[in-house]
Structures are given as C-alpha cells and as structure tokens.
Amino acid sequence: MTTTEPQSAPAPDPRAAALRQTIQRWGDTVVGAALAAEDVTTDLIGGLSRRVTRQRLDRLTVRGAAERALWRRRAASTAEAALTTVATSPLIDRVVDHQVERILRPVVLAVLDDVLLLLEKEPDRIQALVRGQRDTMVDELVGRLRAGAEAGDTAVDRLTSRMFHRAPHPEPAPPLEQ
Amino acid sequence: MTATATREYAGPVSRTLAYLIDAFVVGVVFTAGAAIAAMITSVMGGRWHALAPATASARLVLLPALLAAYWWLFWTLAGRSPGMALFGLRVVATRARRLTWPAALLRALVLTAFPIGAIWALVDRRRQALHDKLARTTVVRMP
C-alpha cells in the first residue's frame, strides 16, 4: 500500500499580487473616467436640447402673442364697423326717436317741472350751494396770489442779502398788535 | 386782540403788488368820477374841450390827494387797505398799541408824495420803508 504525501500550497508571490492590485486600480480608474465622460456628455446634450427647445418656445410665444393682438384688432374694428352701421341706420333712428318722444320727453318735462317748483319754493338750497362754491374758488385764488407774492418776497430778500453782503440773520419779532 | 409772536414782516413784492392794486382802484374811481363830471358838463351845455386843461391840472393834484385819503381812511379804520387785505398784510404801530389816525395820515401823505422812499424797505432789518420810519409803523403778514 502506497501513501501519498499531501501537497503543500505554493506561497503567493508578493510581486504578482502588487501587479494585480495596480492593474485592478487602473481598470477602476478607466471605468470611472468613462462614466464621468458619459455624465458630462449627457449634461451637455441635455442643456443644448433645453436651449434649443426654449428658443423654439419663445418664438412660438411671440408669434402667438402677435397673432392674438392682430385678431383682437380685427375683431374690434369689425365690431365697431358693425355698431356704426347699426347705430346710423334709419330704422334705428326712427326707433330711438319714437322711444324718446314716447317715454323720455314726458319724464324730463315732469322732472323739470318738479325741479323748478322746488327752486321756487326753497331757493335757499341752491343759493347756499352756489355761494359755497364761489367762496371756495375765491379762497383758492387768494391763496395762490399770496403764496406767489410770498415766494417773490423770499427771492427778493435773498437777492438783496447777496447784493449788500448782509449776513442772513433772524428778523426781530414783529411788534405787538393791540 | 392778543399779541401773536409768529407773524413775519411783509416783503417788497407783496407790498408793491398791494400798492399797485390800491393805485389801480383809486385810478378807476377817479376816471369814473371824471367821466361822470364830463357827462354832466356836456348835458349842462358846457364845453369839455375848454375845461380840459383845468382837469389835467386838477388830475395832478386830485389823484394823489384821493390816493392819500383812501389810504388814510382804510388804515385808520381797518389797519389795511383793500390791496393789502388781498395779500394778507396789515399796518401795525411799532411803539403804540394801535395805529392812530395821525400816524396813518402821515404815512399816507409821505407814501403819496415820496413813493420812492419805499425802496428803503429792501435794506431795512424790519422791512420798514421811509414812511414807516416816519410814522413808526411796519407792515406784517397777517391773513
């Protein structure tokens, strides 16, 4: 009976291991660079595509707005022409005249009579109104006149102070009134 | 009336405008009076052309006298003339409680006879013109 001696495992070569590790690292670097290049390319293409799409959308928006304005102008002119045609037609004139004669004129006459009667009975109301309006106008006019004259006084005072080399001094208090 | 400390002196522009308005009013009144006198004269048969030199001479005397009387009357009664009232001005006495009629008369006469003395108000600290100095008055802004 023969016996076989167990084979002993060969010892790992440290140089080969270091070489394998270096190769693996370089492989990872290449894969990472490839992935980074893919990302950059994707971003570049996406941005370009978005820019082109935005420009196209802008052009479409401008065109749409111009068309909308054009159609609005056309619709307004058409409506105005139609209204003018209808309003100046003899038929509408006759209808309006008839309604005015039938409804509005009696109402206006009745209201006018009432107003005249009220004025005749109570003239103080209108007189007070007119008087108040007149006083307000006069006050405003006088205020403007006084403000303009005061501004002129200030300007002349400044000019004379400069001409006569007077130092700007505070004026003494005006005298007392009775 | 009680004293108020916040009033200020009237400047030359306001006073000149008030003067011009008063002179315009007096001029209109005088012209209207002259026109009425001419009308009466013509109705009574007089010749206006013969009276023209006399009226021209009278105008040189009557118009300033009318202006002085106008100012004297209004300053004594109200302390302000219509032109001054329009611009919110008032004549006040500097050394008395109120403007007396002699002071108002003196002021009116000096202003009428020597209006160029008003220029002194441009350089005076209290804006007093010559007639103000003589009558011891000044003009304040008092609406």
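Of the 178 residues in chain A, buried residues make up 2%. This figure, like every other one here, comes from a predicted model. A residue counts as buried if 20 or more other C-beta atoms lie within 10 Å of its own. Chain A holds three helices and zero strands, and its pattern along the sequence reads α-α-α.

Helix α3 of chain A illustrates the low burial. This helix covers residues 123-163 and has 41 residues. From its first C-alpha to its last it reaches 60 Å, close to the 60 Å expected at 1.5 Å a residue. Along this length α3(A) is hardly covered, for the count of buried residues among its 41 residues is two. Just after the helix, A:His165 adopts a positive phi of about 55°.

Chain B has 143 residues, of which 33% count as buried. Its secondary structure comprises five helices and three strands. Starting at the N terminus, these elements follow one another as β-α-α-α-β-α-α-β. Among the contacts in chain B with a separation of 6 or more, 68% are accounted for by residues 24 or more positions apart.

How are the strands of chain B ordered in their sheet? They form an open sheet of three strands in the order β1-β3-β2, with antiparallel pairing. The edge strands are β1 (8-9) and β2 (89-93), because each of them pairs on one side only. In general, the strands of a sheet pair through backbone hydrogen bonds, and the pairing may be parallel or antiparallel. In chain B, β2 and strand β3 (residues 137-141) pair in the antiparallel sense over five bridges. One of the bridge partners can be named: B:Arg90 is matched with B:Val140 in β3(B).

Helix α1 of chain B, residues 12-43, offers a check on helix geometry. The expected span is 1.5 Å times one less than the number of residues. The 32 residues of α1(B) should therefore span 46 Å, and the end C-alpha atoms are indeed 46 Å apart, which agrees. Several residues of this helix are buried, namely B:Ser14, B:Arg15, B:Leu17, B:Ala18, B:Asp22 and B:Val26. Following α1(B) comes B:Gly45, with a positive phi near 95°.

Methods
Residues numbered from 1 in each chain as written. Chains lettered and ligands numbered in written order. Predicted model: local features only at pLDDT ≥ 70, side-chain atom pairs only at ≥ 80, totals over all residues. Helix = DSSP H or I, 4+ residues; strand = E, 2+ residues; numbered from the N terminus. Buried ≥ 20, exposed ≤ 12 C-beta atoms within 10 Å, placed from the backbone. Contact = placed C-beta atoms within 7 Å. Pairing = 2+ DSSP bridges.
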